[in-house]
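Notebook open. I wanted to go through the strands, then the charged pairs, and jot down what turned up.

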Amino acid sequence: MPPNLHNTHVKLLAFDLLSLTQTPNPHSSSSDTISFSRRGSPLSRVEILGTVTFRDSKPGKFLKFSIDDGTGCVPCILWLNHMTSPYFSRRRPQDVRLIAHVASDFASLIKIGTVARVRGRVTGYRGSVQVTVSDVVIERDPNVETLHWLDCMRLARKCYDPLPHRK
Amino acid sequence: KKKVHHFILLRIQEYSVETAIATVVDGDSKLKIDTQHLRDLSFRTGSIFQFIGELLIHPDNEAVLQARVGRNVDGIDLNLYHQSLQLLRQFQADHIRA
């Protein structure tokens, strides 16, 4: 039985994330039309870490950026349209303002050349995998990328990979 | 030819302000880094820098890395980095085979 990776932020290297299996989800709302899985284990949330190598800002709408961890480049999107999006129209205005403020703070942290730890949902855009960002932490320790590689490899082997069949 | 690289460099051996070219060394190997597009970085000789950019091969076979991104990584554990990089490449190869 494949490990249950739902409701946890799976730490993945970029090449691993970009090679997730995408499956159309027939019983879905408009925001979850594609399901993602890694070696048979469905997952929805990830944590990646790397250098910001691309940044494209549309104030009040979104921030697109890329994270390069040495194994690949992951496109990320941070939505900034909370105050005008119908998705948030039913929530309390003070809650929406708070969420928008946090997202705006995250956007200001993302600069070309910084090393960022990013958490979010795995989503699809035009057939490619991307991360819809929910959390950003800027890392300053020069060894953090190396330690992230080791974390991802260890977790893959110990937790995420399916157990081999016993004969 | 162009190729995207992710580099960790041992140290900056010399830096020219006029040309914005840094020369970096890794053992017996040297490489030139074009830093003209980088901002807010001070290049101290002897410091270790990480660059990401495109490797351009000139007609005279000289390779220059045109850096898009750079950062000072003084304090990095280079032994850990190199050993981890070997493990990483093996992990990637195993993943592709699986």
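**Sheet in chain A.** Note to self before anything else: this is a predicted model. I began with an open sheet in chain A, which has three strands in the order E2-E3-E4 and antiparallel pairing. I looked up its edges next: strand E2 (21–24) and strand E4 (41–43) of chain A each pair on one side only. From one strand to the next I get a twist that averages 40 degrees.

I then checked how E3 of chain A, residues 34–38, is held to E4(A): three bridges join the two, and they run antiparallel. Across that pairing I found Phe36(A) opposite Leu43(A).

**Hairpins in chain B.** Over in chain B, I followed strand E2 (residues 11–16) to strand E3 (residues 21–26), and the antiparallel pair is joined by five bridges. Ile12(B) faces me here as the residue opposite Val24(B) in E3(B). The two strands make a hairpin with four residues between them, and I noted that Ala20(B) in the turn has a positive phi of about 60 degrees.

Carrying on from E3(B), I counted six bridges to strand E4 (residues 29–34) of chain B, again antiparallel. Val24(B) turns up again in this pairing, where it stands opposite Leu31(B) in E4(B). This second hairpin has two residues between the strands, and Gly27(B) has a positive phi near 70 degrees.

**Asp16(A).** Back in chain A, I picked Asp16(A), which sits in helix H1 (residues 14–18). Is Asp16(A) buried or exposed? I have it as buried, because its relative accessible area is 3% and the cut-off for buried is under 20%. What does its side chain touch? I find a polar contact with the side chain of His95(B), at 3.4 Å. With neighbours within four places in sequence set aside, Asp16(A) is in contact with Arg38(A) and His95(B).

**Arg38(A).** That contact made me look up Arg38(A) next. It forms a salt bridge with Asp161(A), with 2.7 Å between the closest N and O atoms. Arg38(A) is in strand E3 of chain A and Asp161(A) is in the segment after helix H3 (144–160), so the pair ties together parts 123 residues apart in sequence. I checked burial too: Arg38(A) and Asp161(A) are both buried.

**Other salt bridges.** Over all chains I have 16 salt bridges in the structure. One of them that I followed up is Glu47(A) with Lys11(A), where the closest N and O atoms are 3.9 Å apart. This pair links distant parts of the chain, with Glu47(A) in strand E5 (residues 45–58) and Lys11(A) in strand E1 (residues 9–11), 36 residues apart. Glu47(A) is buried at a relative accessible area of 3%. Lys11(A) has 17% relative accessibility, so I put it down as buried as well.

I also traced where that pair leads. Lys11(A) and Glu47(A) belong to a network of salt bridges that also links Arg117(A), Arg119(A), Glu139(A), Asp151(A) and Arg154(A).

Last lookup: Asp95(A) and Arg92(A), whose side chains meet in a salt bridge at 3.1 Å, N to O. How accessible is Asp95(A)? I get 27% relative accessibility, so Asp95(A) goes down as partly exposed.

Conventions: Residues are numbered from 1 along each chain as its sequence is written. Chains are lettered from A and ligands numbered from 1 in the order in which they are written. This is a predicted model: local features need pLDDT of at least 70, side-chain atom pairs count only at pLDDT 80 or more; totals for chains, interfaces and linings use all residues. Side-chain values use heavy atoms; hydrogens and water are left out. Two strands pair if DSSP finds at least two bridges between them. Axes are lines fitted to C-alpha atoms, for helices over the stretch in contact, and angles run from 0 to 180 degrees between N-to-C directions. Buried means under 20% relative accessible area, exposed over 50%, partly exposed in between (1.4 Å probe, protein chains only). A polar contact is a pair of N or O atoms within 3.5 Å; within protein, one must be able to donate a hydrogen and the other to accept it, and residues adjacent in sequence count only if both atoms are side-chain atoms. Contact means heavy atoms within 4.5 Å. A salt bridge is a side-chain nitrogen of Lys or Arg within 4 Å of a carboxyl oxygen of Asp or Glu.
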